[in-house]
Amino acid sequence: MCLKGKKVKVSLHIGEAETKVSFTELKLEYPLLDMRGELVVDHETRKISLELTGGDIDIHSVREEALAFAGDNEAVKNIFQIVKGGKLSDVVIASQGKSLGDIGKMENLVIKGNVREGNIFIPGPELDLEDVTGDFVVEKSTLEGMNIGARLEDSYGQEGRISIGLKGEDAPLHVETEIKAVAGQIPPLLKRLVENENLLREINRVTNVKGTVAGKLSLGGRLNAIKADVDIHKIDVSAHYKDTPFPLHIKNGSFHYDRGNINMVNLGGTFGSSSFSELSARMSLGKDAHIEVQSGKILAFLREIYPWISSFEKMGKSLKDVKSVSGILQVLSLNLKGQLAMPESWVIGATGEVKDLLVDTTLYPEPVEVNEGFFKVVDKEFFLTHSKVKAGNSSLGISGSISYIMTELVNTDIAFHGEIGQESLQWIEKRVNLPPEYSIRPPLSIQKAHIAWKKDSGMSFVSNLTLQNGPEVSVDMILNPEALEIKNVHILDAESNASFRFGLGDKAINFSFTGNLSQTTTDKIFLHAPLAKEWIKGDFQAHILLDQPEHSTFQGVLEGKNLSVSRYLKVPFNISDISLHADTKSVRVDSHILTLSNNHLSVNGEVKASEDGFLFDSDMSADGLEWDTIRKTLAIEDKTEDKRVVNKDEEKDVDESADKGEEKRFWDIPVKGTLRLAAESFTFDQYTWKPLRAHISFKDVGIRVDVTDADLCGISCTGLIKVNPQDILLDFQLLSRNQDVDSTFKCFGNTKELMTGRFDMKTQVVSQGTAETLGKELGGNFEFTAKDGRIYRFGLIAKLFAFLNVTEIFRGKLPDVVKQGFSYKSITANGKIEKGILNLENLFIDGSSMGITSRGKVDLIGEKIDLKVLVSPFKTVDFVVEKIPVVGKLLGGTLVSIPVGIKGDIENPNISYLSPSAVGKKLLDITVNTLKAPVEIIKPVIPGGNGKESSSIK
């Protein structure tokens with residue numbers, strides 16, 4: 001330690017009671033200080049006391065010497081680690097003890113003074129304070145400061161208090177000061193003062209902080225565990241929050257942070273062009289961070305806000321069809337609470353209004369305008385009142401409520417009135433897939449309407465409508481997952497007064513019609529008068545119980561003329577004349593003409609309700625029936641079509657389990673009885689039966705169709721079809737007697753002359769399986785004969801002759817079947833059908849110039865063929881004898897036969913020579929027995945051949 005004196009004056013006084021050393025002047029050049037005081041020793045108590053007072057003291061120079069003099073004294077070290085520089089004035093140093101050693105102990109020492117131009121370091125948060133002023137006291141190992149003013153970079157504190165323990169790492173610390181801060185310093189300062197992870201995470205999302213704040217900063221606790229309190233009462237701050245497009249500018253209000261809790265009171269400011277005011281909120285930043293907003297007002301310009309909101313992943317999915325939103329949203333009161341990280345679960349309360357709202361969406365062809373509307377949010381329910389909505393040429397007043405959980409709607413209840421124009425009506429019709437004939441005649445005036453929807457219960461709709469120069473219409477209906485119930489539709493004008501009810505449930509159907517409805521009225525409602533093109537009248541009720549048919553009831557009379565039945569019933573009939581007469585348990589149906597596409601039908605019969613089900617007995621006659629029309633009318637799936645559905649640019653799998661459920665439901669309907677069908681014609685694909693008569697029976701086990709009369713191109717097709725939930729059974733007999741071959745081929749669509757002659761056919765076809773496996777299970781017997789004709793364009797024969805014509809035996813001797821035809825005396829064929837394959841046991845063509853015998857298989861489903869053929873020319877022996885005399889002697893009167901194989905696609909098979917050894921005994925025996933002459937199978941001679949036993953062409 002080095003002390004450099006400048007001037008020292010000391011006086012000593014020794015008395016009986018005490019000894020006193022007086023320092024009347026004590027000036028040092030280093031360290032720089034000027035003090036005076038006295039040291040007193042009390043002889044009686046043996047206590048020693050020291051008191052020094054001084055003026056300006058240079059803390060920096062004293063600090064260096066004090067640290068050198070302190071040695072291991074922790075308190076002294078800590079004092080001068082905190083107090084690093086400045087000027088100390090009005091200093092008082094006092095101490096007392098029983099020895100001079102006690103005088104220097106920290107616990108006995110009291111130091112008071114006033115600091116200016118100070119430099120103080122606060123451990124813990126490690127704050128370097130400059131330009132420090134104020135009063136300081138060191139007493140009992142604690143440094144305390146009062147009336148402190150200081151600067152931290154560009155921020156200033158005043159009227160502060162400091163209390164710092166001087167012993168130990170866990171010494172107490174308390175700092176309290178009024179501050180005026182540059183806002184940019186706040187985030188880094190808070191990072192040093194705060195340990196809360198949630199708050200630090202939010203601080204890291206804040207950038208480009210500008211402005212000023214004023215308030216109070218308090219630090220408490222211990223040096224190794226400091227807790228900060230921030231109380232801001234004056235704010236003018238702007239900053240960017242992560243992913244926000246505009247800076248958030250807070251202009252007024254107060255902010256308080258205390259141990260992981262944030263309180264904000266009456267905050268006001270702007271966000272882009274939008275603004276907020278009177279916003280008061282609390283945030284708890286603990287493990288489960290929560291937020292609670294007690295009050296607030298917001299004025300939002302949606303054109304600016306919407307693009308930012310829609311950029312969020314969760315919001316973007318639900319708003320994908322909304323292209324733009326503009327207008328003003330004014331929140332007059334706001335409160336909410338919930339977990340900070342789960343905004344979708346917040347409980348929100350708000351009131352406000354929207355003005356000049358304009359929504360442009362892909363869902364509607366015109367932008368939707370809301371001139372004004374008032375809203376209220378309570379818990380999970382949104383209320384809208386006095387809202388005026390305009391879209392295209394439609395204008396509505398809307399009030400209602402919407403309930404939601406998370407981001408999912410659970411309930412809506414909306415009332416509206418106004419006028420719907422043509423564009424809006426067309427859009428609605430397209431959205432609900434309304435058939436064109438049900439297009440409403442615009443405009444549609446709605447006096448009042450009410451629609452309610454619940455997630456698990458379905459939808460209800462009640463409305464009173466008026467059409468331009470048209471009738472008054474009231475509608476009351478319910479639609480839910482289990483049932484459709486039209487509780488009442490009432491139509492009233494000068495010509496009509498009709499009420500209609502319809503209910504469709506899982507086990508019950510209810511229907512009623514009362515009054516009269518004319519075409520004049522329906523013309524005013526619909527553009528195309530889809531129902532009553534003339535009239536419908538009566539008083540009729542039906543209550544149908546599918547699981548208890550005996551309790552079903554029918555009552556009344558219903559008559560109609562020139563009616564069109566809805567496509568939604570999958571029966572788009574035009575009914576020229578119909579009447580229903582019901583008497584409790586039965587209904588008599590008389591319909592003179594039903595027009596189904598181009599087919600005209602007449603139905604008469606009766607339906608009775610009994611314990612055994614719904615029993616019917618009816619007759620149907622028709623000028624013609626077309627299967628394609630029936631399939632489309634009844635929406636029967638074409639099983640060969642791809643099981644995928646394309647909707648716009650998306651595709652999805654068809655739910656086949658739903659199809660099976662609908663199929664099962666059909667079989668559960670307790671319908672029994674007989675329908676006697678008589679049609680002048682029935683067309684399936686390209687084939688037409690004339691006539692068709694059948695008995696169709698509905699029984700417990702399924703449906704039985706007995707075809708009693710059906711003729712297809714001169715072929716009688718009678719038989720049986722049985723259909724049940726498991727499979728389908730077919731058993732048909734195909735018979736033909738002395739029919740003209742050419743006319744039959746032309747009837748099947750082959751206009752070119754293929755073949756002449758007359759034929760007989762007797763075939764039985766039997767199969768049992770599902771709709772997909774019927775062909776593969778096909779079985780039966782086949783017999784065919786033809787006589788006295790010629791074969792012209794029959795492809796297989798023509799190709800066979802072209803193949804044989806390359807041999808020396810046939811060169812130039814085979815006829816041109818296309819021009820000359822191949823004359824035959826008879827053709828016989830028989831075989832069996834097994835698993836969709838025709839096993840051809842015997843085919844023989846007795847031609848004028850040769851005989852052709854064949855056996856093999858024809859795959860009727862796969863359209864494949866595999867035949868072995870023996871061709872036996874009657875006039876080639878002389879040629880063989882002339883060219884090969886030795887062979888001629890051997891043959892004698894034996895016929896020559898050439899073996900050929902035909903294999904591949906029926907339309908274009910491969911033909912090849914076979915080895916004589918490849919011909920089976922059965923085929924040879926058939927040839928011999930049929931020709932009634934010995935047959936010798938020879939190897940043909942092929943010009944330029946290589947001696948192989950066979951060759952082929954394609």
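The link of Cys713 and Cys747 is left-handed, with -75 degrees about the S-S bond. A disulfide here is a pair of cysteine sulfur atoms within 2.5 Å, and by this rule the count comes to 1 disulfide. The sulfur atoms of Cys713 and Cys747 are 2.0 Å apart. In general, a disulfide is a covalent bond between the sulfur atoms of two cysteines.

Before going further, a word on the model and its numbering. This is a predicted model, in which local features need pLDDT of at least 70 and side-chain atom pairs count only at pLDDT 80 or more, while totals for chains, interfaces and linings use all residues. Residues are numbered from 1 along each chain as its sequence is written, and side-chain values use heavy atoms, with hydrogens and water left out.

**The cysteines**

Helices (H or I, at least four residues) and strands (E, at least two) are DSSP runs, numbered from the N terminus. Cys713 sits in the loop between strand 43 (702-712) and strand 44 (715-723), and Cys747 belongs to helix 12 (residues 741-747), so the pair ties together parts that are 34 residues apart in sequence. For exposure, buried means under 20% relative accessible area, exposed over 50%, and partly exposed in between (1.4 Å probe, protein chains only). Cys713 is buried, at 11% relative accessible area, whereas Cys747 is partly exposed, at 40%. Cys717 is in no disulfide; its nearest cysteine sulfur belongs to Cys713 and is 8.9 Å away. Cys717 is buried too, with a relative accessible area of 8%.

**How confident is the prediction?**

pLDDT is the predictor's confidence in each residue, from 0 to 100. The mean for the protein is 80, and 82% of its residues reach 70 or more. Over residues 876-892 the pLDDT is below 50, and this stretch has 12 contacts in the model beyond near neighbours in sequence; a contact means heavy atoms within 4.5 Å. Residues 943-954 also have pLDDT below 50, with 28 contacts beyond near neighbours in sequence. Where pLDDT is low, the predicted coordinates should not be read in detail.

**Nonpolar cores**

A nonpolar core is a set of buried Ala, Val, Leu, Ile, Met, Phe, Trp, Tyr and Cys residues joined through side-chain atoms within 4.5 Å. The largest has 94 residues, and Val473, Phe554, Phe784, Ile827, Ile852 and Val900 touch the most other members. Leaving aside residues up to four places away in sequence, Val473 touches Ser463, Asn464, Leu465, Leu467, Val489, His490, Ile491 and Ile525. A second, separate core of 80 residues includes Leu39, Leu50, Leu166 and Leu173. In soluble globular proteins, nonpolar side chains tend to be buried together.

**Strands 18, 19 and 20**

Two strands pair if DSSP finds at least two bridges between them. Strand 18 (residues 322-339) and strand 19 (residues 347-361) run antiparallel and are joined by 13 bridges. One bridge partner to look for is Ile348 in strand 19, which matches Leu336. Strand 19 also pairs with strand 20 (residues 368-378), again in the antiparallel sense, over 9 bridges. There, Lys355 stands opposite Glu372 of strand 20. Strands 19 and 20 form a hairpin, with 6 residues between them.

**Backbone details**

Most residues other than glycine have a negative phi, and most peptide bonds are trans. The table collects some exceptions.

| Site | Feature | Value | Location |
|---|---|---|---|
| Pro442 to Pro443 | cis peptide bond | omega near -10 degrees | Pro443: loop between helix 8 (422-431) and strand 24 (444-454) |
| Lys690 to Pro691 | cis peptide bond | omega about -10 degrees | Pro691: loop between strand 41 (687-689) and strand 42 (692-699) |
| His386 | positive phi | near 50 degrees | strand 21 (residues 381-391) |
| Asp788 | positive phi | about 55 degrees | strand 47 (residues 779-791) |

His386 is exposed, with a relative accessible area of 59%. Asp788 is exposed as well, at 60%.

**His13**

Close to the start of the numbering, His13 lies in strand 1 (residues 4-14). His13 is partly exposed, with a relative accessible area of 48%. Not counting residues up to four places away in sequence, His13 touches Glu18, Thr19 and Lys20. The C-alpha atoms of His13 and Val40 are separated by 9.5 Å, and these residues are 27 apart along the chain.
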